[in-house]
Amino acid sequence: MIKGSKERSDVLNDLRRSKAKDISFNSGRIFGSMCTAPHPIALEAHTLFHESNLGNPGLCPGTVDLERDVISMLGGMLCLEPPYGRVLSGGTEANITAMYMAKKSTGRRKVVFSKNAHFSVLKAIKLLDLEPVEIALDDRYRMDTVQLREVIDDDVMLVHAVAGSTELGTVDDIETVSRTAHGTRLHVDAAFGGFVLPFLDPEHLRTHDVGAWDFRVGGLGTMTVDPHKMGLSTIPSGCIMYRNRDALDALKVESHYLTSPMSFTLAGTRGSGAVAATWAVMRHLGSQGYRRIVKECMDNTRYLGIRLKESGLERVVDPVMNVVAFHHSKPIMVDSMMRKQGYFISTVKDPPALRFVVMPHVTKEAIDRLVPVLNRVLERI
Ligand code: 0PR
């Protein structure tokens, strides 16, 4: 039974108390999250569309148009013409969907990925009963393409590469991966990098050896890109993009009593406020706005690097994106001591390191407040 009935004002006061326990991005104390405070226009759009459900699209033709527009804008960003895709709940659903598409169309079960793949890949493997082949990283923490060549055979259904790894922000050499995969299907997980790489200074990409990583690469069939990370949209919004128009037919089932006779996504009811939010923030910021935000994040990533070098920490790699890690022998201990001080950083397992994601809420001032606290913790270890 449900305990009732509480006055509205009491309910709201209870909610405020719960909210006060949560840490907000604006506190400037979250340094390990790939999400951030959504752009104000995204919040407004989300609220406006809180009723819409793309699971029953006939009721919300306006939202259907917005999703089509979002996919078209993403197609432009990711060099996919004509653009096909869907807005899903996040990177996990997009990665699972891509693996299912590959399994269905090839009839195979072997999936090749490297140590820098996000753990959602392991979920997909469990759910879809796939055969995992995990390969190593090269000396720059990218998929080892020499080892890739050794494991590629006719049983492989998919090579899963990463453009913006979760732990280090490194970008696999997608062109070489594609060449080495020899026509085997290729998925690129750009859940984080999809809204960073297109807006980075081309000179920075050149000096960091990042070649084509998107649909310019011929062998690339599917890609994950999440507006609820660096896209500054609301949660939940992650997209699957695909080259073959009929790719999503893999998931097609009848939904005869709804306004659409077929359902194509893992989720039935699809909360679609985030679709409107994504449309709004992309339209509002445009490439120029995202370029400015990415530049600020990169400037602050460099600033954090300088400040922590002064603290005696050494970077694991020169960061391509706004994710940066520093070698440390006891990262978990540092992380937990920082939490006690009210600061949320993050860790890398291999190599053991302290990890920072320099999202738009990580300002220079927030870094200046973090560094002395971190220095005190480091002195105590
Ligand atoms: N692919 C990559 C490359 C990712 O980094 C992530 C998530 C995913 C897929 C899965 O995306 P969803 O979480 O949207 O399903 N990366 C972050 C992580 O696991 C997600 C995150 C975001 C975690 C904010 C914590 C947080 O506060 O670390």
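**Note on the sheet, its covering helices and helix H11**

1. In this predicted model, 7 strands (E, DSSP runs of at least two residues, numbered from the N terminus) form an open sheet of mixed pairing in the order E1-E7-E6-E5-E4-E2-E3, where two strands pair if DSSP finds at least two bridges between them. Strand E1 (84-88) and strand E3 (131-135) stand at the edges with a single partner strand each, so one side of each has no neighbour in the sheet. From one strand to the next, the twist averages 20°.

2. E1 and strand E7 (residues 238-242) run antiparallel and are joined by 5 bridges; Leu 88 has Gly 238 of E7 as its bridge partner.

3. Helix H7 (residues 174-181; helices are DSSP runs, H or I, of at least four residues) lies across E4, E5 and E6, running at about 170° to E4, with axes fitted to C-alpha atoms, for helices over the stretch in contact (heavy atoms within 4.5 Å), and angles from 0 to 180 degrees between N-to-C directions.

4. The 17 residues of helix H11 (residues 364-380) should span 24 Å at 1.5 Å a residue, and the 25 Å between its end C-alpha atoms agrees with this; the expected span is 1.5 Å times one less than the number of residues. Buried residues of H11 (under 20% relative accessible area, 1.4 Å probe, protein chains only) include Ala 366, Leu 370 and Leu 378, and the buried residues pack against helix H9 (273-310), helix H10 (331-340) and strand E12 (353-357).

5. Residues are numbered from 1 along each chain as its sequence is written. Local features need pLDDT of at least 70, side-chain atom pairs count only at pLDDT 80 or more, totals for chains, interfaces and linings use all residues, and side-chain values use heavy atoms, leaving out hydrogens and water.

Note on methods:
Buried < 20%, exposed > 50% of the residue type's maximum accessible area, 1.4 Å probe, protein only.
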